[in-house]
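User: Hi! I'd like to understand how the labels on this model follow from the numbers behind them. Could you walk me through it?

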Amino acid sequence: MDRKISLTGIKPTGNLHIGNYFGAIKPALELSKTYDARYFIADYHALNSMKEPAGLHASIREVAAGWLAGGLDPERVIFYRQSSIPEVFELTTMIMAFTAKGLMNRAHAYKASVAENNEKGDDPDAGINMGLFTYPVLMAADIILFDSDVVPVGKDQVQHIEMAQDIAQAVNANYKQQVLKVPQAVTSEDTAVVPGLDGRKMSKSYGNTVPLFAPENQLHKCIMRIVTNSQGVEAPKDPDSSQIFLLYRLFASQEEQAALAARYRAGGMGWGEAKEELFRVVNRELGPIRERFNAIISDPEGLDRILAAGAEKARPIAAGVVKRFRKAAGID
Ligand code: ADP
Ligand code: TRP
């Protein structure tokens, strides 16, 4: 039997951080061991917010190199840029005809922008482009185009996958046959939300990130900036309510976690030392990834070749799904 298909994309809108790594890259690569994986850079999604060409160009390469440095094997995973697959945009147009406008009105990201405008007393549509409004349709096309079974994502993206399900089901119901595969979201419980330096969700929009590829000294500085309470060195500390410990858990073994939790509870360890312990395990895991990243990013032609080869493999699959849909629709 054919293996099931796992697909996901990352939007190149800035520097990758450890939330992206644990929430998106790592779980997706884990799935690529047992699924046929198709992973991509969602560069047209990024265009909605990235209007500065040099920044977008750099971010596309950074995300691509990030996937590879994290361990993506382009021989086993079909790895490409969304913008290299014209069928994505053809399918987007087709599924638009099956997408209720009301569904888009309910999308969290769009609603948040409207709410922000209302709060400021601005026009509700201020600063909202059609790319933002129709973002879930393009994303549904990304997913449906490759007959995806599962889509590994962070919790914030689950609503988009549900919309892709609604859209695929609307198409199938209309033609009374399974034209499009209905995808499922996969989120991993442990790392569903990686906390940021200030305790909120780590996100580049909050400026509370630990960058994935920062040089060692910057990484150290960043960890030293974590906000703590004023408990002194001698005070016993609760690991489970500590920002530092929550991050430590992502990088440390079970034994290390148990040992350090005991030291928190016993007292005698200050926040400075807790941060040094955190830095040690973070740097242990990210050091080798950073080295691979630096090697990949310094060979842009090699990187572009890998992405072009991925697009070559992806396009016939995409063309097959579009053809199937066109035939069902009577546009053949
Ligand atoms: P950001 O919030 O920094 O703008 P994105 O929205 O570009 O990040 O997220 C890219 C991917 O990384 C998505 O799959 C998202 O779910 C995941 N992700 C981002 N931040 C986190 C986090 N703090 N914890 C877990 N996953 C995250
Ligand atoms: N919207 C996703 C994000 O912001 C990125 C994305 C675009 C995506 N297309 C996708 C994720 C298809 C999974 C599947 O993180």
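**Ligand shells, cores and burial**

Analyst: Happy to! Helix 8 gives the most to the shell around ligand 2, with 4 residues. Please keep in mind that this is a predicted model.

User: Which elements supply at least two residues of the shell around ligand 2?

Analyst: Strand 1 (5–10) and helix 8 (135–144) each do so. The shell holds 14 residues, and those that come nearest are H45, Y135, M139, D142 and Q157.

User: What makes the approach of D142 to ligand 2 a polar contact?

Analyst: A polar contact is a pair of N or O atoms within 3.5 Å. A polar side-chain atom of D142 lies 2.7 Å from a nitrogen atom of ligand 2, so the pair falls within the cut-off. Two other side chains can be set against that limit too. An N or O atom in the side chain of Y135 is 2.6 Å from a nitrogen atom of ligand 2, and for Q157 a polar side-chain atom lies 2.9 Å from a nitrogen atom of this ligand. On its own, ligand 2 has 370 Å² of accessible area, of which the protein covers 90%.

User: How many residues of each class make up the shell around ligand 2?

Analyst: There are 8 nonpolar, 4 polar and 2 charged residues.

User: And ligand 1: which residues are closest to it?

Analyst: The closest are H17, D156, V194, S203 and K204, out of 15 residues that surround ligand 1. By class, this shell has 5 nonpolar, 7 polar and 3 charged residues.

User: How do you know that the backbone of M202 makes a polar contact with ligand 1?

Analyst: The limit for such a pair of N or O atoms is 3.5 Å. A backbone N or O atom of M202 lies 2.8 Å from a nitrogen atom of ligand 1, so M202 qualifies. K204 also uses a polar backbone atom, 2.7 Å from an oxygen atom of ligand 1. D156 instead brings a polar side-chain atom, which lies 2.7 Å from an oxygen atom of the ligand. Taken alone, ligand 1 exposes 540 Å², and the protein buries 91% of that.

User: Let's turn to the protein itself. Why is G9 called partly exposed?

Analyst: The label covers values between the buried limit, under 20%, and the exposed one, over 50%. G9 has 33% relative accessibility, so it counts as partly exposed. G9 lies in strand 1. Its C-alpha is 32 Å from that of Q257, a residue 248 places away in sequence.

User: What about A262: where is it found, and why is its label partly exposed?

Analyst: A262 is found in helix 12. With a relative accessibility of 44%, A262 counts as partly exposed, because exposed would require over 50%. A262 and K237 are 25 residues apart in sequence, with 9.4 Å between their C-alpha atoms.

User: Why does Q243 count as buried?

Analyst: Buried means under 20% relative accessible area. Q243 comes to 13%, so it counts as buried. Its place is in helix 11. Leaving out residues up to four places away in sequence, Q243 touches P195, G196, L197, G199 and I226.

User: What makes helix 11 largely enclosed?

Analyst: Of its 9 residues, 7 are buried, so helix 11 is largely enclosed by the rest of the structure. The buried ones are Q243, I244, F245, L247, Y248, L250 and F251. Their cover includes helix 1, helix 12 and helix 13. At the start of helix 11, a side-chain oxygen of S242 comes to within 3.1 Å of the backbone nitrogen of I244.

User: How do you know that R290 is buried?

Analyst: R290 has 10% relative accessibility, so it counts as buried under the 20% limit. R290 sits in helix 13. Apart from neighbours within four places in sequence, R290 is in contact with F213, A214, P215, E216, L219 and N283.

User: Which residues touch the most other members of the largest nonpolar core?

Analyst: They are I18, Y39, W67 and L278, in a core of 58 residues. Among the elements that give two or more residues to this core are helix 1 (18–31), strand 2 (36–41) and helix 14 (300–329). Helix 13 provides the largest share, 9 residues. A second, separate core has 43 residues, including M139, A141, A164 and A314.

Conventions
Residues numbered from 1 in each chain as written. Chains lettered and ligands numbered in written order. Predicted model: local features only at pLDDT ≥ 70, side-chain atom pairs only at ≥ 80, totals over all residues. Heavy atoms only, no water. Core = buried A, V, L, I, M, F, W, Y, C linked by side-chain atoms within 4.5 Å. Buried < 20%, exposed > 50% of the residue type's maximum accessible area, 1.4 Å probe, protein only. Contact = heavy atoms within 4.5 Å. Polar contact = N/O pair within 3.5 Å; in protein donor to acceptor, adjacent residues only side chain to side chain. Near = heavy atom within 4 Å. Areas by Shrake-Rupley, 256 points an atom, 1.4 Å probe, with all protein chains shown as cover. Nonpolar A, V, L, I, M, F, W, Y, C, P; charged D, E, K, R; others polar.
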